[in-house]
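Me: Please take one part of this model and describe it closely, at the level of a first-year student. I would like one connected account rather than a list.

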Amino acid sequence: MDLEVGKVEIVSAPETHTMMGNEALARGVWESGVRVAVAYPGTPSTEIMEAVGKYPCEDIEAQWATNEKVALDVAIGASFAGERAFAAMKHVGLNVALDSLMSQTYIGVNGGLVLVVCDDPGIHSSQNEQDTRLLAALAMVPVLEPSDAQEALEFVRIAFEISERFDTPVIVRSTTRLSHTRSVVEVGERLPVSAFGFKDNPLKNVMIPAHARLRHPMLLEREQALAEYCISSPLNRWEEGSADYGIITTGISYSYVKEVAPDAHVLKLGITWPVRSEKLRAFCASVKRILVVEELEPVVEQAVRDMGFEVEGKTLFSREGEFSPRIVHDGLAKAGLLPAQVGARGLNSQPLVRPPVLCAGCPHTSSYMALRTVDARVCGDIGCYTLAVVEPLRAIDVCVAMGSSIGMAVGMAKAGTESKPIVATIGDSTFLHAGVPPLIDAVYNQANITVMILDNHTTAMTGGQDHAGTGVTLRGEATEKVNFEELVRSVGVKWVRYVDSYDLASMYQTLREATEFKGVSVLISDRPCVLDPVKIRGEAYRIKSESCVACQACMNLGCPAIAWIDETYDGHRKVGIDTGQCMGCSLCAQVCPSNAIQLASL
Amino acid sequence: MNNRESLKADIPATSVAAERPTNVLIVGVGGQGVIMVSKVLASLSQELGYQVKQSEVHGMAKRGGAVFSHVRFGSSVFSPTILEGDADILVALEWAEGLRWLPYLNQESGTFITDTQHIIPPFACRDRGRGAVSGYTRETVPEVMDSVTNSFALDAAEIATELGVPKASNTVLLGALSTALEFPVAAWKSVISKFVPSKTIEANTRAFDAGREWALSFDRETQLKDWTDRTKQDPEKTTDSSADVVSTLEITEAWCKGCDICVKFCPERCLAMDARQIAILTHPDRCTGCRICEWLCPDLAITVHTSKNNIST
Ligand SMILES: Cc1ncc(C[n+]2csc(CCOP(=O)(O)OP(=O)(O)O)c2C)c(N)n1
Ligand code: SF4
Ligand code: SF4
């Protein structure tokens, strides 16, 4: 076995750039000679493909896929065709792509195949904090975990080498903190990788039961070979310390460990599947006390225990949430290895919470105002509009995963317990991602539901990426554009209507008609997002305070440009508009019963 | 197969302790330019030869949520984030955000530089009743100056507006920050010019100078007195006697013709039409007595009664 894999050679004089983790990952993709790179956006992974899209078109195809499964399938196709291929997604995106990965792992690769999957410990912007390493173990796919931007770049290059050497897809796991930290990175050049061409081999490339049975034992052999590679790989680094305890750590946690416990012996695992190796065993045998510092699941800890060592991990460092230097320090203090820290706080102020809210002028606002008014049972979905769950809109009853809204509405309707009209609300990007099959299901099974497609012409939540419904590619070129009405009609929906999201009265009327229709009705709320891809600002409105009766009707919109002023009317707080924030959508003027809200110029 | 005995450390132990990096935490609200301030600082310290890590979490930031960015620089930096209680400088672009992050400031030696600007989220205006008090933070500038030794509270927005560049309040704060770090002024200015639109370089330079000037001529006693005087006029500090007023609704069913107007317009959504198409109060607990239904009912079928200390009006 050639154990030289992983020795990156710097080809020319080092050139440095300040890069975010995600930009470094993208650089690694480009340097690796990748031909086809695909992603569906998702925080914290989104900037990877945006950055890949800045490298020359002649070098690399960079594209948005309709969802993560499609992204992985496209990458798999390119790998079959003999080119290096890449897909990026957030942790929950891997759930969507998992079906393909579980079979592809039996097949292996032709051109190298690498996935970057970004986990979100602390749930900064996700619906859960699952640990990708558990899914990777299920798929028996190697996982590399860089701990800073420099390693992010290098690990991607090494991942491609491992992928081709060991005939396996490889996952590079990032986390929010790594993806979004900027530091200086030494960059290299693009590798001149020549395509392998398609290799005809149905025994390997076509997974029918007879072939899959032959491939499974090879997977087990591959695991063994990888474990051997882990012994010599520079990715698993043993750093000697002066203390008598040893810490095994991975990813971003390594930086916290070095920060708070510079004296510890450290085994920094760059590869966390497979975990068990002779190197790990040797490290454990060399120290008096073994601690594992890893975010989320006790993957490494369990492996050490399985090897017969006594180890401390999740008893000291939480299994949930994001780590910080403080958490690592406190855990080591609990273990008696560091002095406890006294948290002397001077001023004990507990400022108000400041959750994210829909933007001033957000076109989603009117849909949820109307839903409140018709008193619907609302199945929500994932996007900016999920923010309508909080006060004052508070118009979403359930929300699970991308595309779930429509299927859930069908189930609620079929359960037959609901007296309220059942409405699914789903954004344009989410509808294309996973909303079409359940809509077909609703029509096929004759469910009595209303579907609101909230078409703001972008994938706003993740920062405004294009998708198949915008008519623009990742590289900004014009392309075919999905016509939502035609699509919806073609699957058999008989009632389809467009509404201008800034016309509250017609939104309300149309929604009422839609919910009165027996069968599947589709209402498309149509207005571009005011923030992305371009800021859309109309003339600001203002409130004539002498006319304001302080009824708080406009406050129901939750518009962040509207807040209380110091004056009162009949004991109630009057309101005012911050003209610097107002986007001029006019919704507040439409709900004001005393006509106090007017264009600022009037 | 490798022999276990042959496996030993890749990097032997060293005894040189790395110098402690400088920790600066920059906080504010989405859209204020927190990231710009932090990028300027990060790129400046990098140009001056330090190792730098700059970390923030994207995503919710632009939707009016809280934003924060850690900048750490020194000869060697590991963690991208700052240990609680270990920030040397806390720069806040918004008042309540500054208070939120105070526990991160080093209690003995930390410097707190904060804008006094209040950005009140819709969340703070939730209480709909009479005499409602904003949920925004109550601490005043003098209170904070009293408890945090090195604190500098400035109305950066006002300074920027006076200079005719209302959007440059973050550059004013950079000017103030420049007095707390030993970097050459010219280097600050040259880096700032790379991060602002070219048309606004001159204006931003003035904003930087103004912030720097303000911090250099800072006199604690004068500031304390000044802010104490201002705080005395804060209407939030006066209590509103209308808080204990109770409202009740009287609906004259015979006059109601079921037009639905009151139901549609009630801001608290506490009215509904019953099976007979007569308006009823379904959620008396939510009624704030705003009188919209009384004013809008075309048939005068609704009257709002208010009472205080059992005296009806
Ligand atoms: C499986 C999965 N992939 C990606 C994401 C990240 N994500 C959250 S919302 C969203 C798209 C939102 O776009 P859209 O439905 O158009 O609504 P908008 O934000 O524009 O209102 C994405 C990609 C996710 N949560 N789950
Ligand atoms: S980014 Fe766009 S869609 Fe999202 S809250 Fe703001 S205006 Fe609405
Ligand atoms: S017009 Fe009214 S609702 Fe629309 S952004 Fe301005 S203040 Fe907000």
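The part I would like to understand is chain A.

Reply: This is a predicted model, in which local features need pLDDT of at least 70 and side-chain atom pairs count only at pLDDT 80 or more, while totals for chains, interfaces and linings use all residues. Residues are numbered from 1 along each chain as its sequence is written, chains are lettered from A and ligands numbered from 1 in the order in which they are written, and side-chain values use heavy atoms, with hydrogens and water left out.

A good place to begin is the sheet. In chain A, 7 strands form an open sheet in the order S3-S2-S4-S5-S7-S6-S12, with mixed pairing. Here helices (H or I, at least four residues) and strands (E, at least two) are DSSP runs numbered from the N terminus, and two strands pair if DSSP finds at least two bridges between them. The edges of this sheet are strand S3 (61-64) and strand S12 (271-273) of chain A, each of which pairs on one side only. Further inside the order given above, strand S2 (residues 36-39) and strand S4 (residues 85-90) of chain A run parallel to each other and are joined over 4 bridges; Val36(A), for instance, stands opposite Ala85(A) in S4(A).

Two loops that follow strands of this sheet each hold an unusual peptide bond. Most residues other than glycine have a negative phi, and most peptide bonds are trans. The bond from Thr43(A) to Pro44(A), however, is cis, with omega near 10°, and Pro44(A) belongs to the loop between S2 and helix H2 (46-52) of chain A. A cis bond also joins Trp273(A) and Pro274(A), where omega is about -5°; Pro274(A) is in the loop between S12 and helix H11 (278-286) of chain A.

An unusual backbone angle appears further along the chain, in the loop between helix H14 (365-374) and strand S14 (377-379) of chain A, where Asp375(A) is found. Although Asp375(A) is not a glycine, its phi is positive, at about 55°. Because its relative accessible area is 41%, Asp375(A) counts as partly exposed, a term for values between those of buried residues (under 20% relative accessible area) and exposed ones (over 50%), taken with a 1.4 Å probe on the protein chains only.

Helix H16 (residues 428-444) of chain A deserves a slower look, since the helix bends by about 70° at Gly435(A). The bend is the angle between axes fitted to the seven residues ending at a position and the seven starting there. A proline, Pro437(A), follows Gly435(A) within four residues. Among the buried residues of H16(A) are Phe431(A), Leu432(A), His433(A), Val436(A) and Leu439(A), and Gly435(A) itself is buried as well. Just after H16(A), Gln446(A) takes a positive phi of about 55°.

Chain A also contributes to the surroundings of ligand 2, which lies between chains A and B. Counting residues with a heavy atom within 4 Å, the shell of ligand 2 includes Cys359(A), Cys362(A), His364(A), Cys384(A), Asn456(A) and Cys529(A), together with Arg63(B) from chain B. This shell divides into 9 nonpolar residues, 2 polar and 1 charged, where Ala, Val, Leu, Ile, Met, Phe, Trp, Tyr, Cys and Pro count as nonpolar, Asp, Glu, Lys and Arg as charged, and the others, Gly among them, as polar.

Later in the chain there is a hairpin, made of strand S20 (residues 562-569) and strand S21 (residues 572-577) of chain A, which pair in the antiparallel sense over 5 bridges. Within it, Trp564(A) has Val575(A) in S21(A) as its bridge partner. There are 2 residues between the strands, and Asp570(A) in this hairpin takes a positive phi near 50°.

The last stop is ligand 3, which is surrounded by 14 residues, the closest being Cys559(A), Cys582(A), Cys585(A), Ser586(A) and Cys588(A). The shell around ligand 3 comprises 11 nonpolar residues, 3 polar and no charged. The space that ligand 3 takes is the largest cavity, a cavity being a set of points, on a 1 Å grid over the protein atoms alone, where a 1.4 Å probe fits but cannot get out; a molecule sits in one if more than half of its atoms lie within 2 Å of its grid points.

Terms used. On a 1 Å grid over the protein atoms alone, a cavity is a set of points where a 1.4 Å probe fits but cannot get out, and a pocket is an open set with protein on both sides within 12 Å along at least five of seven lines; lining residues have an atom within 4 Å of a point.
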